[in-house]
Amino acid sequence: MYNFDEIISRRGMGSLKWDTVEEGVIPLWVADMDFPCLPELRQVLTRRAEHPFYGYRSPLESYYEAVRFWYKTRHGLETDRDHILAGPGTVLSLGIIVREFSVEGEGVLILTPVYTPFFEVIRENRRKVVEVSLNRDSGGRFVLDIAEIERELDRAGGGGIRTPLALFCSPHNPGGRVWNREETAAFLEMAKRRKMIVASDEIHCDFVYNREKENGGTSAFVSAASLEDYADRVITVSGANKTFNLGGLHVSHFVIRNSGLRRIIEAALYREAAHQGDVFAELAVETVYRLGAPWLDELCAYLKESIGEAVRFLNAEAPGIRAVEPEGTYLIWADARTLTERTDCRNTAELARRLEKEGKVKITPGSIYGRGGEDCIRINAASPHPLLMEGLERIAEWAALNSHR
Ligand SMILES: Cc1ncc(COP(=O)(O)O)c(C=O)c1O
């Protein structure tokens, strides 16, 4: 039994989440968890630190074995040793993919609202964002509209923008959708028709709350790499950093079944001097993938309950907010249009600023995730439950105090 309720101060440690907000503010923003790491990991890293050599590193075979073991046992997915490449972090890997599979001025397709660095890796590499808003069903869940995606690609094409690459976020941040087999296949089928490469960012894949549905009951998550018909044009980027809260270790991996695509990425990693692993990071990955399943099982059970309660609380007690329970990720996506209007905020960015300054709780405004996110907010629920609920109570109190009819 792990104690996920324990609150441990992270201030003064250079924490992006905590050390960038004023004392007294509860940070429920960046996707980083307030749970200490797997206890065995601390022991393994401490032991390694005591060996006084930190020289250049090349991943051991046991690293690849651990990644394969995780895919197999967690997601029912067989992976070939040769298909796995160690990477320098998910966002850095996406940047490499953008540079390798498009040229300046070309388009890269994304489905919004989506994780903000998707925009940045496209724009900062001087490519064009081809942005399609996701639709919502009657329950507020995001759904894919393939016809609309195709229309947007045609519009871009009509304007002289060729779009050879798509960045797919599965499970979806910030919307919390776990794209099912049909949805993933439909997206990949569209990409195949249009001869596009798909980079599937699967960093949230271990946080799925309806695990029994796919892969012979192993996991509800369907990796784009697992769909045979499309494996030729898919580059999967994933890692242990989100699952085991290792964001500061900057480690990820690729799964690429097509040898041609793999050679391109391998060469790019070498060119960008990103092919050598980090002494601690790869050891950490190996350790958590080998030993971390019981910890993660407990954590997912804890999060599912905590998130359920958080969503119920927000919908009942926070006037002007409608939250949707996520199928995956530990992020709560909530419509805050009414609250924004009733508090005379110009937009959710102003709402977020006021919540932080006046309400002493920091959430993320949906506007940073692109079209379709403007009226929403994202709340990171991966904090000890008492801390999370205190943060939500602050939102509810601030909303009650500052709303007019
Ligand atoms: C979809 C998505 N991709 C990538 C990342 C960050 O991954 P990394 O730290 O490996 O760059 C995040 C973090 O929140 C994310 O939500």
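Among contacts in the protein between residues at least 6 apart in sequence, what percentage join residues at least 24 apart? The figure is 71%. The model is a predicted one, and the values that follow are computed from it.

The protein contains 12 helices and 15 strands. Its radius of gyration is 21 Å, close to the 22 Å that the globule rule gives for 405 residues, so the protein is as compact as a globular protein of that length. Taken along the principal axes, the box filled by the C-alpha atoms is roughly 60 × 60 × 40 Å. Of the 405 residues, 49% count as buried.

The chain is divided into two parts. Domain 1 consists of residues 26-30 together with 294-402, and domain 2 covers 46-291. Their C-alpha centres lie 26 Å apart. Across the boundary, 22 residues of domain 1 are in contact with 24 residues of domain 2. On the domain 1 side, helix H9 (293-317), strand S11 (322-324) and strand S12 (331-335) each supply at least two of the touching residues. H9 gives the largest share of that side, 4 residues. Sorted by class, the side of domain 1 that touches domain 2 has 10 nonpolar, 6 polar and 6 charged residues.

The interior can be followed through the largest nonpolar core, which has 119 residues. The residues with the most contacts inside this core are Val 198, Ala 199, Ile 235, Val 285, Ile 332, Ala 334 and Ala 381. H9 again appears here, with the largest share of the core at 7 residues. Both domain 1 and domain 2 give residues to this core, so the core lies between them. Ala 334 shows what surrounds one of these core residues. Not counting residues up to four places away in sequence, Ala 334 touches Leu 314, Ile 321, Arg 322, Ala 323, Cys 376, Ile 377 and Ile 379.

Helix H11 (348-357) gives a view of packing on a smaller scale. Its buried residues are Thr 348, Leu 351, Ala 352 and Leu 355. Seen down the axis of H11, these residues fall within an arc of 100 degrees, so they line one face of the helix. The spacing has a simple background: an α-helix has 3.6 residues a turn, so residues three or four places apart point the same way. The buried residues of H11 pack against H10, strand S13 (361-362), strand S14 (364-365), strand S15 (376-380) and helix H12 (385-402).

Just before H11 comes Asn 347, in the loop between helix H10 (337-342) and H11. Asn 347 has 15 C-beta neighbours inside 10 Å and counts as partly exposed, because a residue needs 20 or more to be buried and 12 or fewer to be exposed. Apart from residues up to four places away in sequence, Asn 347 touches Thr 340, Ser 367 and Glu 374. The C-alpha atoms of Asn 347 and Gly 105 are 242 residues apart along the chain and separated by 31 Å.

Gly 391 lies in helix H12. With 25 other C-beta atoms within 10 Å, Gly 391 is buried. Leaving aside neighbours within four places in sequence, Gly 391 is in contact with Ile 26, Leu 28 and Val 361. Gly 391 and Ile 363 are 28 residues apart in sequence and 9.4 Å apart in space, C-alpha to C-alpha.

The backbone has some features to check in the model. Most residues other than glycine have a negative phi, and most peptide bonds are trans. A cis peptide bond joins Ser 170 and Pro 171, with omega about -5 degrees. Pro 171 is in the loop between strand S7 (165-169) and helix H6 (181-193). The bond from Asn 173 to Pro 174 is also cis, with omega near 15 degrees, and Pro 174 lies in the loop between S7 and H6.

Positive phi values occur at Arg 126, about 60 degrees, and at Lys 195, about 55 degrees. Arg 126 lies in the loop between helix H4 (117-123) and strand S4 (128-133), and is partly exposed, with 13 other C-beta atoms within 10 Å. Lys 195 lies in the loop between H6 and strand S8 (197-201). With 8 C-beta neighbours inside 10 Å, Lys 195 counts as exposed.

Conventions. Residues numbered from 1 in each chain as written. Predicted model: local features only at pLDDT ≥ 70, side-chain atom pairs only at ≥ 80, totals over all residues. Rg over C-alpha atoms; globule rule 2.2 N^0.38 Å. Contact = placed C-beta atoms within 7 Å. Domains from an automatic or database assignment. Nonpolar A, V, L, I, M, F, W, Y, C, P; charged D, E, K, R; others polar. Core = buried A, V, L, I, M, F, W, Y, C linked by C-beta atoms within 7 Å. Arc of directions from axis to C-beta.
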